[in-house]
Amino acid sequence: KMPAGSVLQVHHDTLTDNNVSQTINNTTLYGSLDITFYRKSANSEFIILMDAVQYRPSTSGENKMGYRYQINDGDWVFENRQWKYTGDSIYWYRVAANFREGFTGISGDKIRIQSAFINTVATTSSIRTPSLTVWEIK
C-alpha cells in the first residue's frame, strides 16, 4: 500500500526550440503540449504544472494559461477553474501556473491533457518553450 502523498506517475511534454514562437491572437490555442496516460488509482489526484515564455505587444485584454482534459476519448472538458491569468508585460518573460485536479474515474482510465494558451484580444501575443508536467498522486 502506498502512503499518502506518494507520486504514482509523472509525465512531461515540452517544446524546446527558443527560436519558434506560437502566436495567440484573440483566441485559445489548444494542444501545443499533449500528454496521454492511464490512471493508476481510482482515488488519486493530479498536480498539473504549466509554464512558458510569454510576450505581449500590448497590455490590453488578458493572457491566460491552463489545460483541457479528456477521459477515455470522451468530450473535451475546459472550465473556468482550469485556467489562470498570467500577467501583462511588453517583454518576453517566463510565467507558470499550477493546478490540482481530482478527475473522477477508475484505475486504468485513459486521461489526455492538453495545454491551453489564451489571449482575449487581438494583440498578437506569443509563447515560446512551453512545458506541461502532470503528477498522479495519492
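**Notebook: rings, strands and a cavity**

I began with F37, which is buried at a relative accessible area of 2% (buried means under 20%, exposed over 50%, partly exposed in between, with a 1.4 Å probe and protein chains only). Note to self: this is a predicted model, where local features need pLDDT of at least 70 and side-chain atom pairs count only at pLDDT 80 or more, while totals for chains, interfaces and linings use all residues. Residues are numbered from 1 along each chain as its sequence is written, and side-chain values use heavy atoms, leaving out hydrogens and water.

**Aromatic rings**

Next I looked up ring pairs (Phe, Tyr and the six-membered ring of Trp, centres within 6.5 Å; planes under 30 degrees apart are stacked, over 60 edge-to-face, the rest tilted). I found six aromatic pairs by this rule. F37 and F46 make a tilted one, at 5.8 Å centre to centre and 45 degrees between the planes. F46 is buried too, at 0% relative accessibility. F46 also pairs with F103: the centres are 5.0 Å apart and the planes at 45 degrees, so this pair is tilted. I noted that it links distant parts of the chain, with F46 in strand β4 and F103 in the loop between β7 and β8, 57 residues apart. F103 is buried at 3%. One aromatic cluster takes in F37, F46, Y69 and F103.

**Charges over rings**

I then checked for charges over rings (NZ of Lys or CZ of Arg within 6 Å of the ring centre and within 35 degrees of the ring normal). K64 has its charged end over the ring of W83, 3.8 Å from the centre. R68 does likewise over W76, at 4.2 Å.

**Strand β4 and its partners**

Strands here are DSSP runs of E with at least two residues, numbered from the N terminus, and two of them pair if DSSP finds at least two bridges. β4 (45-55) pairs antiparallel with β9 (125-137) over ten bridges, and M50 stands opposite L132 in β9. β4 also runs antiparallel to β7 (93-101), joined by nine bridges; there A52 faces V95.

**The cavity**

Last, I searched for cavities (sets of points on a 1 Å grid over the protein atoms alone where a 1.4 Å probe fits but cannot get out; lining residues have an atom within 4 Å of a point). I found one of 30 Å³ or more, and the largest has a volume of about 40 Å³ (the space filled by probe spheres set on points joined across faces, edges and corners). Its lining includes K64, F117 and I127. β5 (63-71) and β8 (110-119) each give two or more residues to that lining, and β5 gives the most, with three.

Technical notes
On a 1 Å grid over the protein atoms alone, a cavity is a set of points where a 1.4 Å probe fits but cannot get out, and a pocket is an open set with protein on both sides within 12 Å along at least five of seven lines; lining residues have an atom within 4 Å of a point. Helices (H or I, at least four residues) and strands (E, at least two) are DSSP runs, numbered from the N terminus.
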